[in-house]
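Before reading on, please take a moment to turn the structure around and look at it from several sides. The paragraphs below begin with a single residue and then move outward to the rest of the chain.

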Amino acid sequence: MLRLNEVGWIEKDRPACGPKDAIVRPLAVSPCTSDVHTVYEGAIGERFNLILGHEAVGQVVEVGSLVKDFKPGDTVIIPAITPDWESVEAQMGLSQHSGGMLCGWKFSNFKDGVFAEFFHVNEADGNMALLPKNVTPEEGVMLSDMVPTGFHGADNAEVAYGETVAVIGIGPVGLMAVAGANLRGAGRIFAVGSREVCQEAAKKYGATDVVNYKQGDIVQQIQEANSKKPVDKVIIAGGDLASFEQALKIIRPGGIISNVNYLGSGDYIKISRLDWGVGMGHIRIVGGLMPGGRKNMEYLSNLLKYRKLDVSILLTHRYKGIEHIEKGLALMKDKPRDLIKPVITI
Ligand code: NDP
Ligand code: ZN
């Protein structure tokens, strides 16, 4: 029996395919920092014998009788979030929360994930997208989670032309937030992180300034570089609960603090009364789970297909063979200084 803090291989039956579903075998997968929060921090509670993993490109091996647009043999991108599209939450534009808070997040949360020989995808027509022919499975797997999450951070921040944006945390998620903010037209982008490999990548994705949080207070560093002016938007894609206090100190009235960080520990976020304009500063704080679904995958994959976004920069560690998933997960836990993201092809 595997439980929190334990990882290993287990035997399970091949999942059954419902009429609207698909069974897929992975071609490329990537471990996520969220898997680390889940298994080593118990961030979403106790789990037993749960198969981890929610980032995959795979080959369809079986489809249910009601699936219209996919067939065995298709190479598909599977988003980390696979909502129930008929739910009332999805009808409200909150597909991530179909069936309840965060319930669109099924893989490696309350359903077996993709680190398996075969995995199950609910509502295949709504939750899978064909991988463009000129995109490799290794690159395509970044569309499952890293690209949509980082871009969701930029979207929720409503980044507009010429704005100054601070991105706190520039692991693979924050780097995609930098890229998303850049594509949305940000003028100046502060990228906060300490790993050199991430700082260099941030510059390639459009950061104009890098800030090392290990070399002094980021509030002071950003304020000084920005001539004491506040920034328009802050995207939080790393750091900790204190990142919100820092964000409030650098944001302008009416600005947006957009969080995509998975807050794995701690109980409360402090909101400074004064920094929040004594409650009247029109500063919005929003936190979001990435949107899944086919349309999102198809649109984002166009950015790779037409070479508007190069995700290969993220892939610092590449392995072949399913047995290397454990190594990949250990890398995500330990975060060596040369790591951005591992990918395992199978
Ligand atoms: P990483 O651990 O790779 O990146 C975290 C970043 O935060 C690094 O740049 C790190 O710097 C930086 N950081 C750490 N401590 C501080 C600090 N005190 N102040 C400022 N920056 C700091 O994580 P990922 O990019 O893989 O993932 C980011 C988060 O997004 C995770 O919590 C993950 O679970 C979550 N996530 C959320 C999703 C969603 O849908 N909302 C989906 C997928 C992931 P360095 O390491 O360089 O020192
Ligand atoms: Zn993830």
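Does Asp145 count as buried or exposed? In this predicted model, Asp145 has a relative accessibility of 6%, and because residues under 20% are classed as buried, Asp145 counts as buried.

Asp145 is also one of the residues that hold a metal, since the protein donors of the zinc ion (ligand 2) are Cys32 through SG, His54 through NE2 and Asp145 through OD, lying 1.7 to 2.2 Å from the ion. Written along the sequence, the spacing of these donor residues is C-x21-H-x90-D. Cys32 sits in the loop between strand 1 (22-29) and helix 1 (33-40), while Asp145 sits in the loop between helix 4 (137-140) and helix 5 (146-156), so this pair ties together parts that are 113 residues apart in sequence. Cys32, with a relative accessibility of 3%, counts as buried.

The loop that carries Cys32 leads to helix 1, and here six of the eight residues are buried, so helix 1 is largely enclosed by the rest of the structure. The buried residues of helix 1 are Ser34, Asp35, Val36, His37, Thr38 and Val39, and what covers them includes helix 11 (325-334). Just after helix 1, the chain reaches Gly42, which takes a positive phi of about 60 degrees.

A positive phi is also found in residues other than glycine, and two places in this model show it. Ser108, in the loop between helix 2 and strand 4, has a phi near 60 degrees, and with 1% relative accessibility Ser108 counts as buried. Lys228, in the loop between helix 8 (218-225) and strand 9 (231-236), has a positive phi of about 70 degrees, but at 62% relative accessibility Lys228 counts as exposed.

The loop between helix 2 (88-91) and strand 4 (119-121) also holds Phe110, which counts as partly exposed at 45% relative accessibility. If residues up to four places away in sequence are not counted, Phe110 touches Leu50, Cys103 and Trp105. The C-alpha atoms of Phe110 and Ile51 are separated by 9.6 Å, although these two residues are 59 residues apart along the chain.

Further along the chain, Gln199 lies in helix 7 (residues 196-204) and counts as buried, with a relative accessibility of 12%. Leaving aside the neighbours within four places in sequence, Gln199 is in contact with Ile170, Gly193, Ser194, Val210 and Asn212.

Stepping back to the whole chain, one can count eleven helices and 13 strands in the protein. The radius of gyration is 20 Å, close to the 20 Å that the globule rule gives for 346 residues, so the protein is as compact as a globular protein of that length. Along its principal axes, the C-alpha trace spans about 60 × 40 × 40 Å, and 53% of the 346 residues count as buried. Among contacts between residues at least 6 apart in sequence, 73% join residues at least 24 apart. The accessible surface comes to about 15,300 Å², of which 52% belongs to carbon and sulfur atoms. Finally, the protein has 37 positive and 40 negative side chains, and the centres of these two sets lie 5 Å apart.

Technical notes
Residues are numbered from 1 along each chain as its sequence is written. Chains are lettered from A and ligands numbered from 1 in the order in which they are written. This is a predicted model: local features need pLDDT of at least 70, side-chain atom pairs count only at pLDDT 80 or more; totals for chains, interfaces and linings use all residues. Side-chain values use heavy atoms; hydrogens and water are left out. Helices (H or I, at least four residues) and strands (E, at least two) are DSSP runs, numbered from the N terminus. Buried means under 20% relative accessible area, exposed over 50%, partly exposed in between (1.4 Å probe, protein chains only). Contact means heavy atoms within 4.5 Å. The radius of gyration is taken over C-alpha atoms; the globule rule is 2.2 Å times the number of residues to the power 0.38. Accessible areas come from the Shrake-Rupley method with a 1.4 Å probe; for residues, only the protein chains shown count as cover. Lys and Arg count as positive and Asp and Glu as negative; His and the chain ends are not counted. The place of a charge is taken as NZ of Lys, CZ of Arg, CG of Asp or CD of Glu. Donors are N, O and S atoms within 2.8 Å of the metal (3.2 Å for Na, K and Ca); water is not among the atoms, so sites may look incomplete.
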